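Hi everyone, thanks for making the time this morning. Let's put the chain up on the screen and walk through it together.

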Amino acid sequence: MLAACRDATPRVREFDGAAAFRYIETQVGFGPRVPGTEAHRRAATWLETELRQRADTLVVQSWTHVTAKGDSLPLTNFIARFRPSVGKRLLFLAHWDSRPTADSPTSPDSTKPVLGANDGGSGVATLLGVADVLKRTPPTIGVDLLFVDGEDYGDFTDAPKDVLIGSRYYAVHPVSGPQPLYAVLFDLVADKDLQIFEEGNSLVGAPEVVDLVWNTAKDLGYAGTFVATPKHTLIDDHLELQKVGIRAIDVVDFDYPSWHTIHDTLDKVSAASLQIVGDVAVALVRREEN
Ligand SMILES: [Zn+2]
C-alpha cells in the first residue's frame, strides 16, 4: 500500500543533540547566570547574538524587578519569532537564569549558587537547537521561542515570591497577534537518567496538550522516556501562562538528585537526552504543518 510505504520512510533527524549539548557547555562556561552578575550579562549577550542569527524577529523585553528584600534585578526575556505574521503558532519556553543559592535540603553547601547545567541550561539548549532546525528548514506555521529570566531567583515555598518573574512579565506583556495553539515549557530535560512523567498542573490546565506531546514522543519510539503516567505536581513557568488562558504544559524530569545543589554540573547531563527532547519538540512543529 502506498500509505504504508510512505509511513515506512525513515524520518530525517533534524535536531542535533551534540550541538545542543555544546549550548549547555557554553552556558556553564559563563558560570551561574544569576541576575545582576557578570555571568548573567555575558549569557544575555551570547543568547541575543545566537537568536538574532536564527530567528526572523527577536523581541527583547528588559525591565527591573524589585525583590521582596528591596534589591533591584535587571531582567531580560527574549522571544525568538519564526514567521511572526502567521496566525497558527506554537510557543516553546525555558528559563535562562540560574539560582543564586544551592538551597535544596540535600545540598551540601547552600552558600553557593547553582551552576544550572540542567536547571536552566538544558531548556535553553533545547530551544536553541530547535532554532537551528527552524533556521535550516523554516516552519510553515509560526513558532515563538521564549527565554524567560528570573524563574529561579527566590522562594518557591509557602507563598512563592521572586520566582517565575519572566513568565509573569511575558503573560502581562505578550507579543502582539494571536495566542499560540498551545505552549510547552522545557525544564530539567538533559539528565543522563532521563524519565519524563506527566506533570500534575499540566494535566489540570491542558490535558489534551499532555496527550499530544506524550503521543508524539511515543510515535518517535520514546515511550520509555516520556512515561505516560502522572508523578510530580510543580509550580513552574507554565502556570503563569495558564493564568492568561494559554494552554501551557511542563515537560520536566523532576527526579534529579542534583536539583538546587552545587552538583548540577555538566557531568550530569547528556547529548542523548537532549536528542530525545529536541526530536519531540521538532516533531510537534512538523505535525502542525500537515
Ligand atoms: Zn531551579
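Let's begin with Val 60, whose bridge partner in S2 is Phe 78. Before I go on, please keep in mind that this is a predicted model. On either side of that pair you can follow the register along the two strands. Val 59 sits opposite Ile 79 in S2, and Leu 58 faces Ala 80 in S2. These pairs belong to a longer run: S1 and strand S2, which covers residues 72-82, are joined by 10 bridges in the antiparallel sense.

Now look at the turn that links them. The hairpin of S1 and S2 has five residues between the strands, and Gly 70 takes a positive phi there, near 95°.

So how much of S2 is buried? Nine of its 11 residues are, which makes S2 mostly covered. S2 also pairs with strand S4, residues 142-148, again in the antiparallel sense, here over five bridges. One contact to pick out on your screens is Arg 81, which has Asp 144 as its bridge partner in S4.

Let's zoom out to the sheet. In what order do the six strands run? The order is S1-S2-S4-S3-S5-S8, in an open sheet with mixed pairing. Why is one side of S1 and of S8 left without a neighbour in the sheet? Strand S1 (57-66) and strand S8 (248-252) stand at the edges and have a single partner strand each, so one side of each stays free of a neighbour in the sheet. On average, neighbouring strands in this sheet are turned by 20° against each other, ignoring direction.

Next, a quick stop at a helix. H9 takes in residues 271-289, so to speak the whole stretch you see highlighted, and its 19 residues reach 27 Å from the first C-alpha to the last, close to the 27 Å expected at 1.5 Å a residue. Like S2, H9 is described as mostly covered. For H9, 15 of the 19 residues are buried.

Now for the empty space. Rolling a probe the size of a water molecule over the atoms shows where such space is left. The largest pocket has a volume of about 620 Å³. It is lined by 29 residues, and those nearest its centre are Arg 99, Asp 103, Gly 154, Asp 155 and Phe 156. By class, the lining of the largest pocket has 12 charged, 10 nonpolar and seven polar residues.

There are enclosed spaces as well. How many cavities of 30 Å³ or more are there? The count comes to two. The largest cavity holds about 60 Å³ of space. Its lining includes Gln 195, Phe 197, His 232, Leu 234 and Asp 253. The lining of the largest cavity splits into four nonpolar, two polar and four charged residues.

The second largest cavity has a volume of about 30 Å³. Gln 27, Arg 33, Ala 43, Trp 46, Leu 47, Trp 96 and Val 124 line this second cavity. Which helix gives the most to that lining? Helix H3, residues 38-54, does, with three residues. In this lining, five residues are nonpolar, one is polar and one is charged.

That's the tour from me. If you'd like one picture to take back to the bench, take the open sheet of six strands, with S1 and S8 at its edges. Thanks for listening!

Key:
Residues are numbered from 1 along each chain as its sequence is written. This is a predicted model: local features need pLDDT of at least 70, side-chain atom pairs count only at pLDDT 80 or more; totals for chains, interfaces and linings use all residues. Side-chain values use heavy atoms; hydrogens and water are left out. Helices (H or I, at least four residues) and strands (E, at least two) are DSSP runs, numbered from the N terminus. The expected span of a helix is 1.5 Å times one less than its number of residues. Buried means under 20% relative accessible area, exposed over 50%, partly exposed in between (1.4 Å probe, protein chains only). On a 1 Å grid over the protein atoms alone, a cavity is a set of points where a 1.4 Å probe fits but cannot get out, and a pocket is an open set with protein on both sides within 12 Å along at least five of seven lines; lining residues have an atom within 4 Å of a point. Grid points are joined across faces, edges and corners, and a volume is the space filled by probe spheres set on the points. Ala, Val, Leu, Ile, Met, Phe, Trp, Tyr, Cys and Pro count as nonpolar, Asp, Glu, Lys and Arg as charged, and the others, Gly among them, as polar. Two strands pair if DSSP finds at least two bridges between them. Axes are lines fitted to C-alpha atoms, for helices over the stretch in contact, and angles run from 0 to 180 degrees between N-to-C directions.
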